[in-house]
Amino acid sequence: MAKLNFYDSLPRTTNFSDLARAENFTPLPDDWFIGCCDIVDSTGLIAAGRYKTVNMIGASVISALTNAMQGRAFPYVFGGDGASFAIPPSEKESCQTVLANLRSWVAIEFDVELRAALLPLQWVRAEDLDVRVARHAVSAGVDYAMFSGGGLAWVDKQMKLGGFSVHPAEHVIPPDLTGLSCRWSNIKARNGTIVSLVLLPAKGGESRAYTDVISKILVLAAKLERNGHPVPQNGPPLGYPPPGLTLEAQVSRGSVPLVLRKLRLLLNTAVAGLMFWSGRTFGGFDPTHYRRTLSANADFQKFDDGLKMTLDCDTNTRNQLTELLQSAKTAGHIRYGLHEQEEAMVTCIVPSALRDDHVHFVDGAAGGYTSAAARIKAEEAITP
């Protein structure tokens, strides 16, 4: 029973900077499984202007698993062009079915190849790596899993080499992606630029110097408005028709023709837009409270075997950040990728607009985490 309730029993940490310390993470139980997904050639999709589609597919992994587990909490992390997660052994078969079906469905619906892998945690630990987890409460209603130990990064690497693959399903059933949406407009930088940062330890693993670099970055971010949070307190802008209307129609249509689902969403979003515009409460739905909760619940910073942040950054702080990162890289303490763009975007999972447990994944709108990670990969490819 202790293993079954493992994730539910973890304490929620409210101070993000506390998660820079390894002692605040707890090893997963030995019999759990580790999974991950990502999109093949996401860089090409970014170049084609399809990064919103990339984000939507990455979030669909989390949405499909959440619905398959009937809302039971499990640790996951959104990575821009995919997601990583951990599940207890009781969910293994269900998870394999979801991943296999998602691979086939994504190929048909979006003409995109999704990779997926699932393997026992014990195989990770056999490599002298680990998967440790913590829960960071961003608000009273939502917390996000944070990961350390190097295990998730190793699984992701093996997946890209073809290992531990979950094969596509032969017969495709539209996945249950209830709650997944992307109807908000992109968020323009208010202070200069949207910076997407991926910071990893040096290849030798986490060190005291690496932890010190993280602490210095968090001190810099703390000087920014709301720690660099790119989503305004009153939420992102809402346009009509929503820029993500077709994407939302694709993920929510099931077996309904796409055009019919788009027409239904046009009506639904028009009504919702009027509610948000008026600011009045309708049937228990308070649009002002919802927008503020959206901002509070957004995951603009996370630990995912490294530090990932999406920051609304002024020029001076950006320069200080770049100088700090480059100095630490030259000293051999870290690896990092930085990508700048003019806007951020959010992809949402909303089980109910009347509750405060809706989650919102933040990324840069023009490549974000995927482009930042690609810079690390490109530099390592040319480094002897």
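Mentor: Two strands pair if DSSP finds at least two bridges between them. Strands (E, at least two residues) and helices (H or I, at least four) are DSSP runs, numbered from the N terminus.

Trainee: OK, so what's the bridge partner of R12 in β7?

Mentor: R12 is matched with R135 there. This is a predicted model, in which local features need pLDDT of at least 70 and side-chain atom pairs count only at pLDDT 80 or more, while totals for chains, interfaces and linings use all residues. Residues are numbered from 1 along each chain as its sequence is written, and side-chain values use heavy atoms, with hydrogens and water left out.

Trainee: Do β1 and β7 run parallel or antiparallel?

Mentor: Strand β1 (residues 12-13) runs parallel to β7, and two bridges join them. Strand β2 (residues 26-27) also has two bridges to β7, but that pairing is antiparallel. There, P27 sits opposite R132 of β7.

Trainee: And how many bridges join β7 to β8?

Mentor: Six, with β8 (residues 143-148) antiparallel to β7. One of the matched pairs is A137 with D143 of β8. To get from β7 to β8, the chain makes a hairpin through five residues.

Trainee: Why is β7 described as largely enclosed?

Mentor: Because six of the six residues in β7 (residues 132-137) are buried, the rest of the structure largely encloses this strand. Buried means under 20% relative accessible area, against over 50% for exposed and partly exposed in between (1.4 Å probe, protein chains only).

Trainee: Which residues point one way from β7, and which the other?

Mentor: R132, A134 and H136 go one way, V133, R135 and A137 go the other, and all are buried.

Trainee: Switching to β15: is it mostly covered or mostly exposed?

Mentor: Mostly covered, as six of the seven residues in β15 (residues 343-349) are buried. Strand β9 (residues 180-181) is antiparallel to β15, with two bridges, and S181 faces C348. Strand β10 (residues 187-188) has two bridges to β15 as well, again antiparallel, with I187 opposite A344.

Trainee: How many bridges are there between β15 and β16?

Mentor: There are six, and β16 (residues 359-364) is antiparallel to β15. C348 turns up again here, opposite H360 of β16.

Trainee: New topic. In what order do the strands of the open sheet come?

Mentor: The order is β12-β13-β11-β14, four strands with antiparallel pairing. At the edges are β12 (301-303) and β14 (334-341), each pairing on one side only.

Trainee: Over how many bridges do β11 and β14 pair?

Mentor: Over eight, with β11 (residues 193-201) antiparallel to β14. V195, for instance, has E340 of β14 as its bridge partner.

Trainee: What about the inside: how many residues has the largest nonpolar core?

Mentor: It has 89, and V61, F85, L199, I217, F303, L325 and F361 have the most contacts inside it. A nonpolar core is a set of buried Ala, Val, Leu, Ile, Met, Phe, Trp, Tyr and Cys residues joined through side-chain atoms within 4.5 Å.

Trainee: Which helix gives the most to this core?

Mentor: Helix α3 (residues 51-68), with nine residues.

Trainee: And what is V61 in contact with?

Mentor: Leaving out neighbours within four places in sequence, V61 touches C37, A83, F85, L99, L102 and L114; contact means heavy atoms within 4.5 Å. There's also a second, separate core of 21 residues, with W32, L121, A145 and L152 among them.
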